[in-house]
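Please look at the model below with some patience, following the chain from one end to the other before turning to single residues. The explanation after it moves from the whole chain to one strand, and then to one residue.

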Amino acid sequence: QVQLVESGGGLVQAGGSLRLSCAASGSWFSVETMTWFRQGLGKRELVARITTRGSTYYADFVKGRFTISRDNSKALLYLQMDNLKPEDTAVYYCYAVDHNYWGQGTQVTVSS
């Protein structure tokens with residue numbers, strides 16, 4: 001049973017924007033801390049996190065450029081990515097911390 005499905009990835013030029021979405025199935029979403037990870041050529045790394053109350057955390061390399069948000073009524077998680085850089089190229093995954101659910105990932109490619 002698929003629990004998380006990402007969408008919104010694609011190819012964009014440096015300086016451009018993308019908005020990723022992650023659709024969750026199940027009533028657990030509203031009480032779950034949600035995160036975005038990414039994996040480029042190296043290991044998977046944490047990008048941003050949002051708690052059920054809306055508290056957020058960002059990795060230093062995306063602060064001021066990315067914004068994580070959620071809509072509990074629709075069971076949706078978002079990642080607004082602005083001023084994208086080539087080094088942001090990666091597969092982006094949403095992850096439900098407590099249930100240990102991973103989405104299948106969505107590819108983001110930023111050209112220089």
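Of the 112 residues of the protein chain, what percentage count as buried? In this predicted model, the share of residues that count as buried is 43%, where buried means that under 20% of the relative area is accessible.

Turning to the elements of the chain, you will find 11 strands and 0 helices, so that a walk from the N terminus meets one β element after another. The C-alpha atoms fill a box of roughly 40 × 30 × 25 Å when this is taken along the principal axes. A compact globule with 112 residues would have a radius of gyration near 13 Å, and because the protein chain has 13 Å, the value agrees with that expectation.

The contacts tell us how the chain meets itself. If we consider the contacts with a separation of 6 or more, 52% of them are accounted for by residues that lie 24 or more positions apart. On the outside, the accessible surface comes to about 5,800 Å², and 48% of this belongs to carbon and sulfur atoms. The chain also carries 11 positive and 9 negative charges, and the mean positions of these two groups are 2 Å apart.

Let us now follow a single strand, β8, which covers residues 76–81. Because 5 of its 6 residues are buried, strand β8 is largely enclosed by the rest of the structure. Strand β3, residues 18–24, pairs with β8 in the antiparallel sense over 6 bridges, and in this pairing Leu-18 has Met-81 of β8 as its bridge partner. Strand β7, residues 66–71, also pairs with β8 in the antiparallel sense over 6 bridges, and here Asp-71 has Leu-76 as its bridge partner. Between β7 and β8, which form a hairpin, there are 4 residues, and in this hairpin Ala-75 takes a positive phi near 55°.

In a regular strand, the side chains alternate between the two faces of the sheet. With that in mind, consider a residue from another strand, Thr-35, whose place is in β4, residues 34–39. Is Thr-35 buried or exposed? Its relative accessibility is 2%, and therefore Thr-35 counts as buried. Leaving aside residues up to four places away in sequence, Thr-35 touches Leu-46, Ala-48, Arg-49, Leu-77, Tyr-93, Cys-94, Tyr-95 and Val-97.

Notes: Residues numbered from 1 in each chain as written. Predicted model: local features only at pLDDT ≥ 70, side-chain atom pairs only at ≥ 80, totals over all residues. Heavy atoms only, no water. Helix = DSSP H or I, 4+ residues; strand = E, 2+ residues; numbered from the N terminus. Rg over C-alpha atoms; globule rule 2.2 N^0.38 Å. Buried < 20%, exposed > 50% of the residue type's maximum accessible area, 1.4 Å probe, protein only. Contact = heavy atoms within 4.5 Å. Areas by Shrake-Rupley, 256 points an atom, 1.4 Å probe, with all protein chains shown as cover. Lys, Arg positive; Asp, Glu negative; His and termini not counted. Charge placed at Lys NZ, Arg CZ, Asp CG, Glu CD. Pairing = 2+ DSSP bridges.
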